[in-house]
Amino acid sequence: MNCKTTTTPDSQRRPLENFKEPNPLSTSQQPIVIYNGRGAGGPVSEGDCACPRTLSPQRLEAANENALLHGEALHPVAAQTVSLPPYVALASPQSWASVAVLNKPAYLLWQMLGREMQPKEAFRCIGVDPEADSSREVLLALYRSGFLRKKTDTPLPLAVQDTLMAWLHVTNACNLRCSYCYLHKTNVSMPPSVGRQAIEAVFRAARQHGYRKIKLKYAGGEATLNLPLVLELHD
Ligand code: SF4
């Protein structure tokens with residue numbers, strides 16, 4: 001049994017890796033997967049990504065849930081990984097949840113399943129009892145969130161989007177001090193000329209890709225500290 005895994009190179013790590021909020025889950029050796037399951041089967045929630053989103057989660061009949069562990073091979077969908085020690089975030093427009101946060105054992109499990117390893121074998125590699133209820137739950141979470149698929153699964157339908165959404169980071173300044181903030185705050189703000197160029201680029205992209213509406217969101221720092229620019233861009 002080859003249990004070797006890969007790790008994210010330092011060069012691919014993002015600034016968020018400095019996030020060090022104490023969390024009791026971080027010391028657990030049990031694999032843990034957290035994803036947003038809201039709206040399952042309901043309308044598509046608003047996302048910040050212009051990529052098409054899947055319309056419905058992968059559903060399993062109760063009788064088939066147990067078969068996940070023993071049945072046909074499961075495959076990870078292609079996903080971007082972001083290191084947030086001690087967690088890893090997965091992001092993929094091909095998954096229903098779009099984003100999931102995994103602790104290290106869950107991430108190792110997900111990686112091993114990508115090497116055609118059977119779930120039982122992968123669980124053993126990370127030192128976890130494959131027959132435990134928690135193992136079944138973790139596999140279900142990865143499957144329901146769409147980060148694992150069976151070869152026989154039909155592709156999920158994609159939502160047709162007619163709105164292109166864009167975030168404009170109008171200032172790096174903020175008058176608050178949230179404990180979880182990862183932004184390196186400075187007094188730098190977006191100059192009006194850059195804002196106008198950004199708006200033109202968003203409209204150009206919308207026309208080019210057939211979007212009918214545009215939604216702008218303003219971020220910072222605290223965006224209202226650059227309110228004159230926000231008002232000007234809407235003028
Ligand atoms: S930038 Fe956002 S998270 Fe950071 S201190 Fe300001 S409001 Fe809080």
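**Helix α3, its cores and some unusual bonds**

Guide: Y107 and W110 lie 3 residues apart, about one turn of the helix, and both belong to helix α3. The model is predicted, with local features requiring pLDDT of at least 70 and side-chain atom pairs counted only at pLDDT 80 or more, while totals for chains, interfaces and linings use all residues. Residues are numbered from 1 along each chain as its sequence is written, and side-chain values use heavy atoms, with hydrogens and water left out.

Visitor: What makes a run of residues a helix or a strand here, and how many of each does the protein have?

Guide: A helix is a DSSP run of H or I with at least four residues, a strand is a run of E with at least two, and both are numbered from the N terminus. The protein has 7 helices and 8 strands.

Visitor: Why is the pair of Y107 and W110 called stacked?

Guide: Searching the whole structure yields 1 aromatic pair. Its members, Y107 and W110, have ring centres 6.2 Å apart and planes at 25°. Rings of Phe, Tyr and Trp (its six-membered ring) pair if their centres lie within 6.5 Å; planes under 30 degrees apart count as stacked, over 60 as edge-to-face and the rest as tilted. The pair therefore meets both limits and is stacked. In general, an α-helix has 3.6 residues a turn, so residues three or four places apart point the same way.

Visitor: What makes α3 a mostly covered helix?

Guide: In α3 (residues 104-113), 9 of the 10 residues are buried, Y107 and W110 among them. Buried means under 20% relative accessible area, exposed over 50%, and partly exposed in between (1.4 Å probe, protein chains only). Of the 235 residues of the protein, 37% count as buried.

Visitor: Why is Q118 called partly exposed?

Guide: Q118 has 34% relative accessibility, which lies between the two limits, and therefore counts as partly exposed. Q118 is in the loop between α3 and α4, and its C-alpha atom is 8.3 Å from that of E72, 46 residues away along the chain.

Visitor: What makes a group of residues a nonpolar core, and which elements contribute to the largest one?

Guide: A nonpolar core is a set of buried Ala, Val, Leu, Ile, Met, Phe, Trp, Tyr and Cys residues joined through side-chain atoms within 4.5 Å. The largest has 31 residues, of which V33, L102, L109, W110, L139, L142 and F147 touch the most other members. Two or more residues each come from β4 (87-91), β5 (99-103), α3, α4 (119-125) and α5 (133-144). The largest share, 7 residues, is that of α3. A second, separate core of 10 residues includes V170, A198, Y218 and L233.

Visitor: How do you know that S98 is unusual in its backbone, and which peptide bonds are cis?

Guide: Most residues other than glycine have a negative phi, and most peptide bonds are trans. S98, in the loop between β4 and β5, is not a glycine and has a positive phi of about 75°. A cis bond joins P85 and P86, with omega about 10°, and another runs from G220 to G221, with omega near 25°.

Visitor: Which residues surround the ligand, and what makes them count as near?

Guide: A residue is near a molecule or strand if one of its heavy atoms lies within 4 Å of it. Around the ligand are C174, L176, R177, C178, Y180, C181, K185 and G221. G221 lies in the loop between β8 (213-219) and α7 (227-234).
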